[in-house]
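Let's take a walk through this protein together, stopping at its pockets and at one of its helices. Have the model open so that you can follow along.

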Amino acid sequence: MRITEIEINNFRAFYGKHTISLDKDGKNLMVYGENGSGKSSFFLALKTFFESAAKPVNLQALENIFIPQKDKDTASLKFVVKQDDKASSSTTIEINVKNNEITGPEKLLIADANKIKGFFDYKSLLKTHLVETKNVNLFDLLVFNILAEQENRVTTKQIGKEWESIVYDSHELRQGVHVRNRLRTNIANFNLGVDEKIKAIEKDTNTFIQSFGYNIDVKFNYIGISYHGRRDIRDKSIEVVIDFFKKPIAQHQHFLNEARLSALAISLYLATVKSNPSQGVLKTLVLDDLLIGLDMSNRLPLLDIIKNHFQDDFQIIMTTYDKVWFELVKNYFGESKWKYIDIFSKRLNDNNFEIPIIKQNTDYIEQAEHYLKEKDFKASAVYVRSEFEKLVNNICDKHNLLVKYKANSKELKSDDFWKAIKTQTNIDDALIAEVETCRGTVMNPFSHHDLTKPVFEAELKKSIEVVKKLKTPPFSKDASKTYEKLSLAIKDLEAKIVQKDDTIKQMSKKFSKTT
């Protein structure tokens, strides 16, 4: 089961109604937005919706503060879910100011999805290592929060509920034999279930942290809680023990740098999600700007982890303020299973506040066609050039073509990639000629000075057609044009040139003698 549509109405920063379509197959979602654009409100909307299946939420307190009086108490969150893209019907689930919790048959569906606790942001990561104690103790974070609604396999009860029962019994005024026996039994079962969870989390945490390329081994020490009389429950500790390059590290939170701590925290949180054996048909993983403090080399492994361990079973939603990262994710996953949108803020004409605008992130060629229809030829030309640059880059990457090396990769130009395509693929000569023609007109910003001429509109149309051909290129890497073979061909040509020069010199000498 997947979410196919999200509707946010008068919620936090979202003034009015905003709809995000995830298509009939319920695609994963990547959201880009600058700070202050409304990403946090979007994340909160998702989190609030899922939590409303476990307990009532206060939508009235989360309503947009700028809506007029007549629209007060209209905040709502509406999700459309579908079994799969072949299903003939879908289910619409809504919460609003009057109905602050999900009821009916859908309640169990969303409540089960909420148990996974798949909502992480950068602040969540800090809880794993930003501590004032000497050692990192994850007991409260795991038992009271992340694992609270997960099932103890030994008792089939929720871990959070079991803990509440233990605390309640330990506070009983009379600690008679019956109470003590019940406590010891509950504690023993609690310890068995939590220990099993911890071992599963430890295993997956180590698997994920290795994907980041860090030589870190993680162990979670849990000896189990113990009862020592009324209100005296001890050993509430799940201590994190770290080996770095096989060397034990005391107080790793002060030893490891921010990138390694973030990678460790991400690995831990994802491991807790994977440890949940929930068979719920709706599984979501929402990652809100997790990667602050990580450079690009440390971000890429996260995509591998998502692709290899979560993409098939979970519907994933990610947000970011980093446009480079947004484009990288787009290139990595493609568009068959993912949807990409921009959120940006816009000031209303008659008001002094800004509202988020959601823009479905279409590709550049679609935007070029849009501006062509609007007669904005300059904007259309910019998007045609942008699409061409993106395409030649992706083609070279896909086919492992050799591109001219430059110490500073930012100095690479589209011409460097285009030359690699011309020389290392079996691209048709006619298509090369078409591209070269367009590169001399529309895709060369200095080749024309009057964008209003009708001839330029025709050139734009032709360029769009040509670039579309490159989007599904009818060519592939030419095995006869490998680097080695090209090098041999160059050497052969150089030898022929030398031989020709020698022949010319010899003929010149003979001519000099005869004269």
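What volume does the second largest pocket have? Its volume is about 660 Å³, in what is, please keep in mind, a predicted model. The lining of this pocket is made up of 27 residues, and the closest to its centre are Glu51, Lys117, Phe144, Asn145 and Glu149. Two or more lining residues come from each of α1 (39-51), α2 (106-114), β6 (119-121), α4 (139-146) and α5 (159-170). By character, the lining residues are twelve nonpolar, five polar and ten charged.

Now turn to the largest pocket, with a volume of about 910 Å³. Here 22 residues form the lining, and Asn331, Glu389, Asn393, Asn394 and Phe417 are the closest to the centre. The elements that contribute two or more residues are α10 (323-333), α12 (377-398) and α13 (414-424). Of these, α12 gives the most, with seven residues. Sorted by type, this lining holds nine nonpolar, five polar and eight charged residues.

Let's stay with α10 a little longer, since we have just met it. Just at its start, a side-chain oxygen of Asp322 comes to within 3.0 Å of the backbone nitrogen of Val324. Along the helix, Trp325, Phe326, Glu327, Val329, Lys330 and Phe333 are buried. The buried residues of α10 pack against two helices, α9 (296-309) and α11 (364-373), and against the strands β3 (28-33), β15 (315-320) and β16 (338-347). After α10 comes Gly334, with a positive phi near 75°.

Note on methods:
Residues numbered from 1 in each chain as written. Predicted model: local features only at pLDDT ≥ 70, side-chain atom pairs only at ≥ 80, totals over all residues. Heavy atoms only, no water. 1 Å grid on protein atoms, 1.4 Å probe; cavity = no way out; pocket = protein on both sides within 12 Å on 5 of 7 lines; lining within 4 Å. Points joined across faces, edges and corners; volume = space filled by probe spheres on them. Helix = DSSP H or I, 4+ residues; strand = E, 2+ residues; numbered from the N terminus. Nonpolar A, V, L, I, M, F, W, Y, C, P; charged D, E, K, R; others polar. Buried < 20%, exposed > 50% of the residue type's maximum accessible area, 1.4 Å probe, protein only. Contact = heavy atoms within 4.5 Å. Polar contact = N/O pair within 3.5 Å; in protein donor to acceptor, adjacent residues only side chain to side chain.
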